[in-house]
Amino acid sequence: LHVVTAVSQGIPTSRAAALVVSDDPVLRDQFYNGFSKTERAAVVLRLAPSWFRFGSLEILAHNRELTSLKKLLDFIIIEHYSQINPQDDSRYVQLFCQVAQKTMDLVVCWQSVGFVHGVLNTDNMSMLAITIDYGPFGFMETYDPHFVPNSSDKEARYCFDRQLQIAEWNLQKLSEAFIPFLDETQVIQVRTELQNFGPSAKVKQRSAFIKKLGLNEDKDDADSQLLTLLLQLMEETGTDFTMTFRQLGEIALADIRNPQILNEYWSLKRLSSHPQYPSFTEAYLKRIEEERG
């Protein structure tokens with residue numbers, strides 16, 4: 001189901017090919033709520049264009065196996081980044097920058113649908129920026145920026161709201177595997193890419209959420225304020241992440257403040273219980289009027 005959902009949303013992902021189930025019993029806490037139960041053991045066979053991860057490079061760099069590391073980098077370029085000239089002196093900088101941008105896009109896509117990976121360490125991040133290693137993942141229901149689907153993540157390191165921050169940290173670790181093959185100018189280029197990651201990610205994240213509100217133009221500060229207010233209302237009222245956006249798309253704008261009509265939209269009804277709901281609807285309706293076309 002998780003793979004079908006990701007594919008239907010246009011989010012790069014590995015694909016489930018087969019499920020092998022045995023009679024061996026295993027104890028699972030399926031919903032990570034402390035209520036474990038016995039299930040049959042199973043193995044999922046997944047397919048992907050590549051299983052090279054950030055960690056595939058890190059381990060070679062850590063062990064100073066630089067000859068093998070260089071061969072791996074060149075192989076990844078030839079096999080998966082054909083737009084990069086394998087003879088270009090700047091090929092490793094180009095590779096890193098493309099991996100960084102694709103990773104940013106992937107995590108923004110995750111957040112736009114309320115997906116939380118659960119264990120976002122460097123060994124679970126793909127050099128092709130596809131979703132791999134589905135383990136304790138989860139789709140956020142009630143909006144909670146600190147939502148964690150992994151009971152072992154006691155400090156919420158990989159929570160919903162920190163995924164872009166963790167992706168940036170992972171890219172910093174990945175960059176260390178590139179540095180042995182870069183000159184001083186190229187090292188600066190890689191560091192500049194990392195410095196720009198956070199600001200660029202915020203813009204892309206805002207753009208993704210603006211589209212969820214039916215808007216195409218990005219008005220910077222005004223839209224940031226609108227989204228901040230909406231997410232504040234969602235968090236404080238405990239509204240459903242997915243259904244709030246769906247119902248905003250389904251309800252007629254003329255009815256967005258009508259208490260009787262809102263009774264038919266359970267998530268918006270809960271959202272409307274917040275004292276600042278009128279402020280949000282006023283800003284939202286005004287913003288829609290400003291949208292060209």
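Begin by selecting aspartate 23 and arginine 40, whose side chains form a salt bridge with N and O 3.3 Å apart. Aspartate 23 belongs to strand β1 (residues 15-28) and arginine 40 to strand β2 (residues 37-47), so this contact ties together parts that are 17 residues apart in sequence. Both ends can be inspected on a surface display: aspartate 23 is exposed, at 66% relative accessibility, and arginine 40 is exposed as well, at 51%. The model in the viewer is predicted, and it holds 12 salt bridges.

Next, select aspartate 105 and lysine 204. Their side chains meet in a salt bridge of 2.6 Å, N to O. This pair links distant parts of the chain, with aspartate 105 in helix α4 (residues 91-112) and lysine 204 in helix α6 (residues 184-212), 99 residues apart. Aspartate 105 is partly exposed, at 33% relative accessibility; lysine 204 is partly exposed too, at 29%.

Remain on helix α6 and select arginine 206 together with aspartate 218. The closest N and O atoms of this salt bridge are 2.8 Å apart. Arginine 206 lies in helix α6, whereas aspartate 218 is found in the loop between α6 and α7 (221-237), 12 residues apart. Is arginine 206 buried or exposed? With a relative accessibility of 14%, arginine 206 falls under the 20% limit and therefore counts as buried. Its partner, aspartate 218, is partly exposed, with a relative accessible area of 29%. To complete the charged contacts, select Arg46, Arg53 and Asp133, which are joined into one network by salt bridges that share partners.

The tour now turns to the aromatic rings. The structure holds 17 aromatic pairs. Select phenylalanine 115 and phenylalanine 139, an edge-to-face pair with ring centres 5.3 Å apart and 65 degrees between the planes. Here strand β3 (residues 115-116) contributes phenylalanine 115 and strand β4 (residues 138-139) contributes phenylalanine 139, a link between distant parts of the chain that are 24 residues apart. Phenylalanine 115 is buried, with a relative accessible area of 4%, while phenylalanine 139 is partly exposed, at 30%.

For another edge-to-face pair, select phenylalanine 209 and phenylalanine 241. Why is this pair classed as edge-to-face? The ring centres lie 6.1 Å apart and the planes stand at 70 degrees, so the arrangement is edge-to-face. Phenylalanine 209 sits in helix α6 and phenylalanine 241 in helix α8 (residues 241-250), so the two rings tie together parts that are 32 residues apart in sequence. Both rings belong to buried residues: the relative accessible area is 5% for phenylalanine 209 and 1% for phenylalanine 241.

Then extend the selection around phenylalanine 115 and phenylalanine 139 to include Trp110, Tyr134 and Phe137; together these residues form one aromatic cluster.

Two contacts between a charge and a ring close the tour. Select arginine 157 and tryptophan 169: the arginine lies over the face of the tryptophan, 5.0 Å from the ring centre. Finally, select lysine 212 and phenylalanine 245. Where does the charged end of lysine 212 sit? The charged end is placed over the ring of phenylalanine 245, at 4.7 Å from its centre.

Notes: Residues are numbered from 1 along each chain as its sequence is written. This is a predicted model: local features need pLDDT of at least 70, side-chain atom pairs count only at pLDDT 80 or more; totals for chains, interfaces and linings use all residues. Side-chain values use heavy atoms; hydrogens and water are left out. A salt bridge is a side-chain nitrogen of Lys or Arg within 4 Å of a carboxyl oxygen of Asp or Glu. Helices (H or I, at least four residues) and strands (E, at least two) are DSSP runs, numbered from the N terminus. Buried means under 20% relative accessible area, exposed over 50%, partly exposed in between (1.4 Å probe, protein chains only). Rings of Phe, Tyr and Trp (its six-membered ring) pair if their centres lie within 6.5 Å; planes under 30 degrees apart count as stacked, over 60 as edge-to-face and the rest as tilted. A charge sits over a ring if NZ of Lys or CZ of Arg is within 6 Å of the ring centre and within 35 degrees of the ring normal.
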